[in-house]
Amino acid sequence: GDREIGVYDPSTEAYDRLAVLAEEPKTNRTNDGGIAPDGSLWFGTMDESEKEPKGGYYKFSLDGSVDALRLPSVLITNTFQFSPDGRKFYTCDSAEQEILSFDHDLETGKLSGRKVLSDTFELAGYPDGSAIDSEGCLWICLWDASRVIRLTPDGEIDRIIVLAATRPTASRIWQTALSSSVPLQDLHKTPPSLDNASSVLNRGRGGSKPLTPRFSRESRNGR
């Protein structure tokens, strides 16, 4: 369904529903998501027609419960990344072309200190999915701009990679012994690259340690 979350096994094509967003508007659908330091799944919704700013933010906890995060509604939710130490949460208001940062309390999971970290007006693209590297920098795909940018924790765009793909939506980071020999302008040629998903080789920095979802047996049985 468009207003639920679940687990899909591509090898068997089996789908297990985890939760349904009963209160979500019927014109909405789920969009991007990411794993929090405690193993919970944070994700967002958006207006399917991209007309009304009524997309919400949610947390799917280890016990199978779903709670709305107290964040302002946006048109299109994208990017759900945490800094390597877990104390910063990053997300995008794609329609407004803004990358947002929040202080994240590791004990309570509460967010505070909303800040517009950067925007993409001058790049004529819309911030979409992203990855975070070991230095805490975001590699953000720009929909409609054929680019991936690297954004430092201070909000500085210190790298721009031009892609053949017009509308990249997600990025991954590889670290390889050969990374130092790959010219910056050739990064978009590293495997794999699709029209709707870009792959970025982060020269010598490596991705932040992946966060692993930890869902209880009860949450896998559906709600």
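Among contacts in this protein between residues at least 6 apart in sequence, 45% join residues at least 24 apart. Keep in mind that you're looking at a predicted model. The secondary structure comes to one helix and 16 strands, so strands take up most of this briefing.

**The whole protein**

- Of the 223 residues, 47% count as buried.
- The accessible surface comes to about 11,800 Å², and carbon and sulfur atoms account for 47% of that surface.

**The sheet from β7 to β10**

- Start with an open sheet of four strands, in the order β7-β8-β9-β10, where the pairing is antiparallel.
- The edges belong to β7 (77-82) and β10 (111-119); each has a single partner strand, so one side of each is left without a neighbour in the sheet.
- On average, neighbouring strands here are turned by 20 degrees against each other, direction ignored.
- If you zoom in on β7 and β8, you'll find an antiparallel pair joined by four bridges.
- One spot to look up in that region is F82, whose bridge partner in β8 is F89.

**D93, a charged residue on the inside**

- D93 sits in strand β8, which covers residues 88-93.
- What is the nearest side chain of opposite charge to D93? That's R114, 5.4 Å away.
- A salt bridge needs a side-chain nitrogen of Lys or Arg within 4 Å of a carboxyl oxygen of Asp or Glu, and D93 has none even though D93 is buried.
- Leaving aside residues up to four places away in sequence, D93 touches V74, L75, I76 and E98.

**The sheet from β11 to β14**

- Further along the chain there's an open sheet of four strands with the order β11-β12-β13-β14, and its pairing is antiparallel.
- β11 (126-132) and β14 (157-162) stand at the edges of this sheet, and because each has a single partner strand, one side of each goes without a neighbour in the sheet.
- Here the average turn of neighbouring strands against each other is 25 degrees, direction ignored.
- β11 is joined to strand β12 (residues 138-143) by five bridges, and the two run antiparallel.
- To find a matched pair in this region, go to P127: its bridge partner in β12 is L142.

**β5 and its two partners**

- Strand β5 covers residues 57-60, and Y57 and K59 point one way from the strand while Y58 and F60 point the other way.
- Are these four residues buried or exposed? All of them are buried.
- β5 pairs with strand β4 (residues 41-47) in the antiparallel sense, over four bridges.
- In that pairing, look for L41, which stands opposite F60 in β5.
- β5 also runs antiparallel to strand β6 (residues 66-68), and three bridges join them.
- Over here the residue opposite Y58 is A68 in β6.
- β5 and β6 form a hairpin with five residues between them, and G64 in the turn has a positive phi of about 95 degrees.

**Two loop residues with an unusual backbone angle**

- Some background first: most residues other than glycine have a negative phi.
- Q97 isn't a glycine, yet has a positive phi of about 60 degrees.
- You'll find Q97 in the loop between β8 and β9 (98-104).
- Why does Q97 count as buried? Its relative accessibility is 14%, and buried means under 20%.
- S146 is another non-glycine with a positive phi, this time of about 55 degrees.
- The home of S146 is the loop between β12 and β13 (147-151).
- S146 counts as buried because its relative accessibility is 17%.

**L18 and its link back to I5**

- L18 lies in strand β2, which covers residues 14-20.
- With a relative accessibility of 2%, L18 counts as buried.
- How many residues apart in sequence are L18 and I5? They're 13 residues apart along the chain, while in space their C-alpha atoms are 5.7 Å apart.

Technical notes:
Residues are numbered from 1 along each chain as its sequence is written. This is a predicted model: local features need pLDDT of at least 70, side-chain atom pairs count only at pLDDT 80 or more; totals for chains, interfaces and linings use all residues. Side-chain values use heavy atoms; hydrogens and water are left out. Buried means under 20% relative accessible area, exposed over 50%, partly exposed in between (1.4 Å probe, protein chains only). Lys and Arg count as positive and Asp and Glu as negative; His and the chain ends are not counted. Contact means heavy atoms within 4.5 Å. Two strands pair if DSSP finds at least two bridges between them. Axes are lines fitted to C-alpha atoms, for helices over the stretch in contact, and angles run from 0 to 180 degrees between N-to-C directions. Accessible areas come from the Shrake-Rupley method with a 1.4 Å probe; for residues, only the protein chains shown count as cover.
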